[in-house]
Structure formats: C-alpha cells, structure tokens
Amino acid sequence: MAVPFHPGETIAAALLRCGVTDLGAGATGLRGRYFCGIGTCQACLVSVDGASPVEACLTPAREGMHLAPVFAPVEPSQGSEP
Ligand code: FES
C-alpha cells in the first residue's frame, strides 16, 4: 500500500492521516501503534527497509520506504507433529 506524505512529515503522521493505526506485531506482544508521539513509549516501532526498528513518530517519511512490523507473526510449522 502506498502512503502519501508531506515533506517533513513523520511515518506515523502519514500513516494516521491514511487511517492506518495498527503498526503490526510489536516487541511486547502488543500491537504497534502511535501513542506518545515523542519517542518515549516505543509503541510505534517499525522496521524500515529491513533494518533495525525506528520510532515511526520521530522518523521522517521518504519516498520508497518499505515498512514492516517489528516482529512478523510466527507461522506454526506444518507436517512436523510427533
Ligand atoms: S508513539 Fe511513543 S515512541 Fe512513537
């Protein structure tokens, strides 16, 4: 999904303006989300271009970014039951 943004706008602001409030699986087991908006709560961590997590509320959006949840859901293994 492509998300439009204004120059200087943060990732979180751009996502919120598009109605995206769920940032996927977070480090604590809770869903990632925008909360404090000042980099303190770490609830908005996202992975950008496969790199280490950043705060979406502090990181400026830029063209071509690929965002992902901090933790991808773990798929149960198939066909390996005892
Ligand atoms: S919303 Fe709290 S650190 Fe980003």
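1. In this predicted model, the bridge partner of Ser47 in strand 2 is Pro53, and this contact is a convenient place to begin reading the sheet. Strand 1 and strand 2, to which the pair belongs, run antiparallel to one another and are joined over 3 bridges.

2. The connection between these two strands deserves a look on the structure, since strand 1 and strand 2 form a hairpin in which 4 residues lie between them. Within that turn, Asp49 has a positive phi of about 55°.

3. On the other pairing, strand 1, which covers residues 45-48, meets strand 3 in the antiparallel sense, again over 3 bridges. Here Val48 has Leu67 of strand 3 as its bridge partner.

4. Taken as a whole, the strands make up an open sheet of 3 strands in the order 2-1-3, with antiparallel pairing. Strand 2 (53-55) and strand 3 (67-69) are the edge strands, each of them pairing on one side only, and the twist from one strand to the next averages 50°.

5. For anyone tracing side chains by eye, it may help to recall that in a regular strand they alternate between the two faces of the sheet.

Terms used
Residues are numbered from 1 along each chain as its sequence is written. This is a predicted model: local features need pLDDT of at least 70, side-chain atom pairs count only at pLDDT 80 or more; totals for chains, interfaces and linings use all residues. Two strands pair if DSSP finds at least two bridges between them. Axes are lines fitted to C-alpha atoms, for helices over the stretch in contact, and angles run from 0 to 180 degrees between N-to-C directions.
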